[in-house]
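Here are my notes after going through the model you sent. Have the structure open while you read, and take the points in order.

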Amino acid sequence: MKKTAIVVDDEPDIVDIFSDLLKEREIDVIAKGCNGKEAIDLWTSNKPDILFIDIMMPDGTGTHAIKKIRKKNKNAFIIAVTADDSGETEEKLKDLNVNGIAYKPVDMDKIIEMVNTK
């Protein structure tokens, strides 16, 4: 059975390209969003197998959304996708217990490795 995913990033082109790449890898993208608030709403209403979420976004950051989603389900499978490779951000994401961190530009082989740990 295909895994389901939601992709959230404030850049619509990135959302579309990343979603297409996931579909090529047999991951069914069931919803797309562009900010932290949408991430929470989409995750709540769709309950995907995987949430791919950018960190720096308007209308609620990715870290804010991850905190809210973790309160609803501590076992939600979340992969943070970010261009910020600072140690501070990595530490913050580890503290939020994300299941993986993918740095932009993304390496799809590494993304699929993370997905396959689910």
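1. Start with the largest pocket. Its lining is made up of 14 residues, and the ones nearest the centre are Ile14, Phe18, Val81, Lys104 and Val106. The elements that put two or more residues into that lining are β1 (3-8), α1 (12-24) and β3 (50-54). Keep in mind that this is a predicted model.

2. As for the pocket's volume, the figure is about 180 Å³. Which element gives the most to the lining? That would be α1, with 4 residues. Sorted by class, the lining has 11 nonpolar and 3 charged residues, and no polar ones.

3. Phe18 turns up again in an aromatic pair, this time with Phe52. The geometry is edge-to-face, with 5.1 Å from centre to centre and 80 degrees between the planes. The count for the model comes to 1 aromatic pair. Phe18 sits in helix α1 and Phe52 in strand β3, so the pair ties together parts that are 34 residues apart in sequence. Are the two rings' residues buried or exposed? Both Phe18 and Phe52 are buried.

4. Next, the largest nonpolar core, which has 21 residues. Leu51, Ile53, Ile66 and Ile78 have the most contacts inside it. At least two residues of this core come from each of β1, α2 (36-46), β3, α3 (62-72) and β4 (78-82). The largest share is from α2, which supplies 4 residues.

5. Ile78 is a good place to click if you want to look around that core. Setting aside neighbours within four places in sequence, Ile78 is in contact with Leu51, Ile53 and Ile66, which are also listed among the residues with the most contacts inside the core. The other contacts of Ile78 are Ile69, Arg70, Val98, Asn99 and Gly100.

6. There is also a second, separate core, with 18 residues. Among them are Ile27, Ile50, Phe52 and Val81. Two of these names should look familiar: Phe52 is the partner of Phe18 in the aromatic pair, and Val81 is one of the residues nearest the centre of the largest pocket.

7. Now some backbone details. Where is the cis peptide bond to Pro105? It runs from Lys104 to Pro105, with omega near -10 degrees. Pro105 is in the loop between β5 (100-103) and α5 (108-115). Lys104, on the other side of that bond, is among the residues nearest the centre of the largest pocket.

8. Two residues other than glycine have a positive phi worth a look. For Glu26, phi is near 70 degrees; this residue is in the loop between α1 and β2 (27-33). Glu26 is partly exposed, with a relative accessible area of 48%. For Lys47, which is not a glycine either, phi is about 45 degrees, and the residue is in the loop between α2 and β3.

9. Last, have a look at Thr63, in helix α3. Is Thr63 buried or exposed? Its relative accessible area is 11%, which means Thr63 counts as buried, the cut-off being under 20%. Leaving out neighbours within four places in sequence, the residues in contact with Thr63 are Ile55, Lys92, Leu93 and Leu96.

Note on methods
Residues are numbered from 1 along each chain as its sequence is written. This is a predicted model: local features need pLDDT of at least 70, side-chain atom pairs count only at pLDDT 80 or more; totals for chains, interfaces and linings use all residues. Side-chain values use heavy atoms; hydrogens and water are left out. On a 1 Å grid over the protein atoms alone, a cavity is a set of points where a 1.4 Å probe fits but cannot get out, and a pocket is an open set with protein on both sides within 12 Å along at least five of seven lines; lining residues have an atom within 4 Å of a point. Grid points are joined across faces, edges and corners, and a volume is the space filled by probe spheres set on the points. Ala, Val, Leu, Ile, Met, Phe, Trp, Tyr, Cys and Pro count as nonpolar, Asp, Glu, Lys and Arg as charged, and the others, Gly among them, as polar. Rings of Phe, Tyr and Trp (its six-membered ring) pair if their centres lie within 6.5 Å; planes under 30 degrees apart count as stacked, over 60 as edge-to-face and the rest as tilted. Buried means under 20% relative accessible area, exposed over 50%, partly exposed in between (1.4 Å probe, protein chains only). A nonpolar core is a set of buried Ala, Val, Leu, Ile, Met, Phe, Trp, Tyr and Cys residues joined through side-chain atoms within 4.5 Å. Contact means heavy atoms within 4.5 Å.
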